[in-house]
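Colleague: Could you walk me through how some helices pack in this model? I'd like to hear the reasoning behind the labels.

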Protein chains: 2
Amino acid sequence: MSLVRVAVIGIGNMGAAHARTLVAGEVPGAELVAVCDVRQEMESWVSSNLPASVTYWQDAEQMMSSGTIDAVIIATPHYDHPEKAIQAFRDGLHVMIEKPAGVYTKQVRKMNEAAAASGKVFSMMYNQRTNPLYIKLRDLIASGELGEIRRTNWIITNWYRSQSYYDSGGWRATWAGEGGGVLINQDPHQLDLWQWTIGMMPVRMRAFCSFGKYRNIEVEDDVTAYVEYENGATGVFVTTTGEAPGTNRFEVNGDRGKIVIEDGQLTFWRLREPEPEFNQRFTGGFGQPECWKCEVPISGVETGHPGLIRNWIDAILNGTPLIAPGEEGIHGLTLSNAMLLSTWTDNWVDLPIDEDLFYEHLQQRIASSNTKKDKAGSSSQPADLSQTFK
Amino acid sequence: MSLVRVAVIGIGNMGAAHARTLVAGEVPGAELVAVCDVRQEMESWVSSNLPASVTYWQDAEQMMSSGTIDAVIIATPHYDHPEKAIQAFRDGLHVMIEKPAGVYTKQVRKMNEAAAASGKVFSMMYNQRTNPLYIKLRDLIASGELGEIRRTNWIITNWYRSQSYYDSGGWRATWAGEGGGVLINQDPHQLDLWQWTIGMMPVRMRAFCSFGKYRNIEVEDDVTAYVEYENGATGVFVTTTGEAPGTNRFEVNGDRGKIVIEDGQLTFWRLREPEPEFNQRFTGGFGQPECWKCEVPISGVETGHPGLIRNWIDAILNGTPLIAPGEEGIHGLTLSNAMLLSTWTDNWVDLPIDEDLFYEHLQQRIASSNTKKDKAGSSSQPADLSQTFK
């Protein structure tokens, strides 16, 4: 194969952006041949916004089994990600899915099993993994420069969303439509980076979610989570859509100092010697290890969504390693599911979580929901989201 | 009275510093006439470091009832603060006590009752209340500039202490000697400021303490606490003595933006209009209130311990309002007690706490302690602490 025939499923805000990226020729080796959206009115959007060579399909299953495509980008509402991906793997297609991997890990685990069985190239749209700041943080940790991790602390509260945002789509911020709030919609990148940069998942968690605290919505819009890792490290994750201007500050402490990413900058406070060694030799009572505030060069460009799509196509054509293997989508989702489950059970949650218990609780929320909203997006005009990614 | 005759009880690190402050004439209207320490060997320290006019007493009770003093500064080990203060009030003395107010709130409540009954001037050594940064923060909140409080977040992890620090005094970091670790020794100022600046105490808390995590000690040296306030605001407090270089960053979010104090600077991100008003009128989907990053002038000088002592003497002589009324010491201690109690019971704690339950738990820790340390400090040479206050 020298040219991958790509289809996009779901022409919402993200799907439309990905279609445009492909049409603009930003992905060598890939050609957009089809798009699919259940909303028939999107056919006119396709004909007026995409080349005539791009076929519109209303039925994803028909399109995927048509033999006219090699690979799909799935950008449907969250619940459909695993279902569509499983169908695609069955049809022998390579798959890239938008975040989140799904709404509940039970479903995502099945998707991962289908991916493994298919042998196809499976990637997640974790475009923030191309951000040089987080790449550098991961490098400094993986290479041992920060030493053993002791604490993580992410305050990610600059996801401000007004009531008008929530009112703009009937499926938004409902248990049936999105399956959650800030954790499932706004935070998937941070939840992924939180574990990807440090290379550890927590072993248990105690979390505190508020539902509809700042907006007339039924899902969580304010969260504080406390986690413990196997090596004894602890962590905190604070998020909300209700604050302005909010904060995006990620701090990681280790035996060799601390690293903070904030305001688009990474700062490394580096201890001259590992703290445990200082502690062992020091006899002076008051005193602490010599610390250097280091300017660490950050190189490279954040290639974002197009970069992730290029990497996926490269992996299909040339076996290039994936930046964001699809199977890793379950990690961030596990964190998000655990935060809800801990709140619902008002108790500790061990990780990996009890997937059936989470699923049961979620079904209860869907069943008792008073929000009558349609599952698909209500707007037939994709919005420009270029300023909304963090 | 035109000259207050002051005594200092407990010539440890802090008591010695206060004695020197008085001898140096830094407190107009006050004269150091006596010092007291149970360790008889301190008599030689007194004679070689203080003027001959200062009398050494070994027995505090005798000194306080001697009729030769008007006021006492109590700088004994923590457990003794309330007991000594109650004796002082009984003897008709004005009282200033070092932080913490005590070790458990049950005892501190009795001290507060004794203070009220005495009518004497009672102050706490909350010298950080003279820090212009926190004064300004309190001003911005009390005056409504920040609007309704929504979130507080204090990361105070720059209290690094080596094992040699803990080994320097037998009473240090023991349940019987200090009654706690980082919360009772290092954090009292931050625990006080956390509630003093915002003017609110939490109504419930869930906290996670680790005991002897980084050092060979039996008390807590790593803490994360989550709190909820009556108005729906939430908060996080993270502290440890095990990290270097650590962080001291206090963030408060409100309807009108956010304020961060870090690196000795206060920054106010001010919304042009209150967030709820923006939310009400905004119909654009994606968008948020206009925000100004403001440079707020910070004026005044941190007068520290001498400033607090001067204020106490002024209150005695002239009725000047106290910066830190002694009765307010119970607030920070309640927060600290609640953090331990939540950990010990592995559950939520409502505030005000169940004082008897806390006392019982504390007695269990003392009874089951394996650490055989003497209650009084083991060093007869007070250390220079001038670089250790935050």
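Modeller: Happy to! In this predicted model, T105(B), V108(B), R109(B) and N112(B) of helix 5 of chain B meet I330(B), L333(B), T334(B) and N337(B) of helix 12 of chain B. By class, that contact has 3 nonpolar, 4 polar and 1 charged residues.

Colleague: Why are helix 5 of chain B and helix 12 of chain B called roughly antiparallel?

Modeller: Helix 5 (residues 105–118) and helix 12 (residues 329–345) of chain B have axes that cross at roughly 170° and come within 10 Å. Angles over 145 degrees count as roughly antiparallel, so the label fits this pair.

Colleague: And what makes helix 5 of chain B and helix 13 of chain B oblique?

Modeller: Their axes cross at roughly 125° and come within 8 Å, with helix 13 of chain B spanning residues 355–367. Roughly perpendicular covers 65 to 115 degrees and roughly antiparallel begins over 145, with the rest oblique. The pair is therefore oblique.

Colleague: Which residues meet where helix 5 of chain B contacts helix 13 of chain B?

Modeller: T105(B), K106(B) and R109(B) from helix 5 meet E355(B), D356(B) and Y359(B) from helix 13. This contact divides into 1 nonpolar, 1 polar and 4 charged residues.

Colleague: Turning to chain A, what does UniProt list for residues 134–259?

Modeller: The unreviewed UniProt entry gives "domain: GFO/IDH/MocA-like oxidoreductase" for that stretch of chain A. Over residues 134–259 of chain A, the chain is 23% helix and 36% strand, and the end C-alpha atoms are 11 Å apart.

Technical notes:
Residues numbered from 1 in each chain as written. Chains lettered and ligands numbered in written order. Predicted model: local features only at pLDDT ≥ 70, side-chain atom pairs only at ≥ 80, totals over all residues. Heavy atoms only, no water. Axes fitted to C-alpha atoms, helices over the stretch in contact; angles between N-to-C directions. Helix = DSSP H or I, 4+ residues; strand = E, 2+ residues; numbered from the N terminus. Parallel < 35°, antiparallel > 145°, perpendicular 65-115°, else oblique. Contact = heavy atoms within 4.5 Å. Nonpolar A, V, L, I, M, F, W, Y, C, P; charged D, E, K, R; others polar. UniProt positions renumbered as here; feature names shortened; annotations may be inferred.
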